[in-house]
Amino acid sequence: MTSATAMTTALPAEQRPPLMRLAREVAFETGTRLFEEGRRADRFWIVRTGTIALDLHVPGRRPAVIETLGHGELIGWSWHFPPYLWHLGAEATSPVRAWEFDAGSVRAMCAADPEFGRAIATWVGRVAAQRLHASRVRLLDLYAPYGSGGPA
């Protein structure tokens, strides 16, 4: 399944090779926590195989799963915006193979090549907006009075 935020859809073809030169292959077992909300965001991933659940801490409750991501999806956007702290948590819900990227190296490439930086910023911005929307919808599903989540 490919969404509007998957790398192959959202990042221009000419900008993918420079990014992929920084990729490192990694694997995660089911149940592995990739990151926790509020901790330092110093890397990000693009899923090759498997699924990752993004979750949001809800005081007094289990974390609310906001979205489940798979092939081609960007895992993590907080690395792109100061203060570089995760806004969500993430856990592998199946065995995952992914490409991992060092955030500092990608930010340095963005600074050195404005066209590349603009493409990355647009992609990451779309992802952040989509995740914000998904978080809002999920929290309304879970906690809002019936009928309060519809369009105004």
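How many bridges join strand β4 to strand β7, and in which sense do the two strands run? Four bridges join them, and the strands run antiparallel. This is a predicted model of a protein chain with four helices and eight strands. The strands fall into two descriptions below: one open sheet of four strands in the order β2-β7-β4-β5, and another open sheet of four strands in the order β1-β8-β3-β6. One cavity of 30 Å³ or more is counted.

**The chain as a whole**

- Along the sequence, the elements of the protein chain follow the pattern α-α-β-β-β-β-β-β-β-β-α-α.
- The protein chain has 152 residues, and buried residues make up 41% of them.
- Taking contacts in the protein chain between residues at least 6 apart in sequence, 76% join residues at least 24 apart.

**The sheet β2-β7-β4-β5**

- Pairing in this open sheet of four strands is antiparallel.
- Strands β2 (33-35) and β5 (64-69) stand at the edges; each has a single partner strand, so one side of each is left without a neighbour in the sheet.
- On average, neighbouring strands of this sheet are turned by 30° against each other, with direction ignored.
- Strand β4 covers residues 52-56 and strand β7 covers residues 89-92.
- Within this pair, D55 has G89 in β7 as its bridge partner.
- On the other side of the order, β2 is joined to β7 by two bridges, and these strands also run antiparallel.
- The bridge partner of R33 in β7 is E91.

**The sheet β1-β8-β3-β6**

- This open sheet of four strands likewise has antiparallel pairing.
- Its edge strands are β1 (24-28) and β6 (74-75), each of which pairs on one side only.
- Six bridges connect strand β3 (residues 43-49) with strand β8 (residues 96-102), and the two run antiparallel.
- Opposite F44 stands F101 in β8.
- Helix α3 (residues 103-112) packs on the sheet and touches β3 and β8; the direction of the helix makes about 55° with that of β8.
- I46 has a bridge partner in β8, namely W99, and I46 also stands opposite L74 in β6.
- The pairing of β3 with β6 is antiparallel and extends over two bridges.
- Why is β3 described as largely enclosed by the rest of the structure? Five of the seven residues of β3 are buried, so the strand is largely enclosed.
- As a general point, the side chains of a regular strand alternate between the two faces of the sheet.

**The cavity**

- Rolling a probe the size of a water molecule over the atoms shows where empty space is left.
- The largest cavity holds about 50 Å³ of space.
- Which residues line the largest cavity? The lining is made by F35, L54, G76, W77, S78, W86, H87, L88 and R131.
- By type, the lining of the largest cavity divides into five nonpolar residues, three polar and one charged.

**Two residues in detail: G104 and T51**

- Where does G104 lie? G104 lies in helix α3, the helix that packs on the sheet and touches β3 and β8.
- G104 counts as partly exposed because its relative accessibility is 33%, and partly exposed is the range between under 20% for buried and over 50% for exposed.
- G104 and A41 are 63 residues apart along the chain, and their C-alpha atoms are separated by 10.0 Å.
- T51 is found in the loop between β3 and β4.
- With a relative accessibility of 27%, T51 also counts as partly exposed.
- The C-alpha atoms of T51 and H71 are 7.6 Å apart in space, while the two residues are 20 apart in sequence.
- Leaving out residues up to four places away in sequence, T51 touches T68, L69, E91, A92, T93, S94 and V96.
- One of these contacts, E91, is the bridge partner of R33 in β7.

Technical notes. Residues are numbered from 1 along each chain as its sequence is written. This is a predicted model: local features need pLDDT of at least 70, side-chain atom pairs count only at pLDDT 80 or more; totals for chains, interfaces and linings use all residues. Side-chain values use heavy atoms; hydrogens and water are left out. Two strands pair if DSSP finds at least two bridges between them. Axes are lines fitted to C-alpha atoms, for helices over the stretch in contact, and angles run from 0 to 180 degrees between N-to-C directions. On a 1 Å grid over the protein atoms alone, a cavity is a set of points where a 1.4 Å probe fits but cannot get out, and a pocket is an open set with protein on both sides within 12 Å along at least five of seven lines; lining residues have an atom within 4 Å of a point. Grid points are joined across faces, edges and corners, and a volume is the space filled by probe spheres set on the points. Ala, Val, Leu, Ile, Met, Phe, Trp, Tyr, Cys and Pro count as nonpolar, Asp, Glu, Lys and Arg as charged, and the others, Gly among them, as polar. Contact means heavy atoms within 4.5 Å. Buried means under 20% relative accessible area, exposed over 50%, partly exposed in between (1.4 Å probe, protein chains only).
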